[in-house]
Amino acid sequence: MSTEMPKCYQIATMPPTAASSSTPPASQSSALPPSHNATESTSDVPDCSSSEQPASDESKVVPSRKPLLRLELRDLSSSGSRAFLRLVHASAALEDAVDAVLKLLYKNMRPSCIPPTRSVTLVLRDMDGVAYTTGLDLDDDHKEIHLSTKYIEFVPESRQKEEILGVLVHEMVHCWQHSGFGSAPVGLTEGIADFVRLKAGYAPPHWKRHTDCDWDAGYERTGYFLDWLEKDHGADIVRKINEALRECQYDAHKLWHDCCGKGIEKLWEDYRKSVEDECDKSESSSEDITDQKGQEDVPAQEKDQPAPPEDHRTPREKARRGGNMHVPVRPGTSS
Ligand SMILES: [Zn+2]
């Protein structure tokens with residue numbers, strides 16, 4: 001691990017985020033690929049503190065080089081491929097995913113901070129698991145996102161489109177994020193991927209905040225923690241973390257103190273308290289409502305609402321509707 005003072009920790013001060021990014025990306029019909037109408041970098045030196053102009057306008061971050069986006073369908077006859085083609089406009093979906101990722105990781109940063117990803121190929125094929133991202137052996141700037149057609153079939157029909165788009169955003173993060181040359185905890189890089197998915201508006205209904213784990217448990221567990229960090233410590237925390245991993249190895253003490261002013265253990269402890277306090281508050285407000293109406297034996301959420309029809313579905317059937325659906329672990333490397 002390098003002991004030199006890495007310049008990537010000298011994070012440029014960024015103006016606060018202009019607009020909330022919690023809304024889903026623009027509809028597919030209005031999606032456009034990254035265009036050439038923004039300022040382009042003329043420098044090959046990856047230095048975000050240079051006098052380059054920021055990469056973005058208010059709505060879009062444009063990389064120095066527009067990536068080639070490709071689609072490869074290995075089996076057109078599979079029902080997963082058929083569902084994909086029926087539900088998703090592939091070029092718009094990939095372009096939207098690139099836009100969402102670049103906006104959330106590189107807004108107000110210089111184009112030279114963005115990895116030189118030259119192409120992203122979405123490969124739909126029959127495989128176990130959900131999806132993974134890999135670089136080509138010959139040139140890591142060419143990425144492949146492999147998405148399982150079997151998994152698409154597994155997702156309830158009413159959720160298929162949102163799930164495909166959400167997984168695409170998650171995997172697209174891996175095509176553009178920094179990882180301290182692979183030294184960052186996998187839980188952190190996976191957490192950033194799900195943080196971006198969350199902020200892009202594609203959090204599945206079964207996601208929830210967990211505190212019964214470590215901060216680097218990954219995926220939505222770490223993603224929600226990062227979301228809380230942005231609300232509590234500044235809207236550009238995740239961009240700072242990503243930038244800190246651009247040119248140097250992961251250094252836990254330095255990274256978290258530089259980005260948030262505290263160590264990771266203290267931050268995770270604060271997050272757990274915050275989530276637990278929130279739960280206590282919502283529980284006590286539920287009790288208040290119950291006390292006011294003097295009907296302690298009736299669950300608060302049923303007040304003022306007609307009783308829901310009796311649910312005769314089995315737990316498995318409920319899960320298939322998007323309840324506590326188990327998502328298989330993503331296979332292989334996904335960085
Ligand atoms: Zn991942």
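**Exercises: helices and a nonpolar core**

The protein chain has 10 helices and four strands (DSSP runs, numbered from the N terminus: helices are H or I with at least four residues, strands are E with at least two). Keep in mind that this is a predicted model, where local features need pLDDT of at least 70, side-chain atom pairs count only at pLDDT 80 or more, and totals for chains, interfaces and linings use all residues. Residues are numbered from 1 along each chain as its sequence is written.

**Exercise 1.** Work out which helix gives the most to the largest nonpolar core.

*Step 1.* Get the core first: 62 residues, with Ala97, Val101, Leu168, Val169, Met172 and Val196 having the most contacts inside it. (A nonpolar core is a set of buried Ala, Val, Leu, Ile, Met, Phe, Trp, Tyr and Cys residues joined through C-beta atoms within 7 Å; buried means 20 or more other C-beta atoms within 10 Å of a residue's own, placed from the backbone.)

*Step 2.* The helix you're after is H2 (residues 90-106), which puts in 10 residues.

**Exercise 2.** Find what Met172 touches, leaving out residues up to four places away in sequence.

*Step 1.* Call it a contact if the C-beta atoms, placed from the backbone, lie within 7 Å.

*Step 2.* That gives you Ala97, Val98 and Val101.

**Exercise 3.** Check the span of helix H6 (residues 219-233).

*Step 1.* The expected span is 1.5 Å times one less than the number of residues; for the 15 residues of H6, that's 21 Å.

*Step 2.* From first C-alpha to last, H6 reaches 21 Å, close to that expected value.

*Step 3.* Just after H6, look at Gly234: its phi is positive, about 125°.

Key. A residue is buried if 20 or more other C-beta atoms lie within 10 Å of its own, exposed if 12 or fewer, and partly exposed in between; C-beta atoms are placed from the backbone. Two residues are in contact if their C-beta atoms, placed from the backbone, lie within 7 Å.
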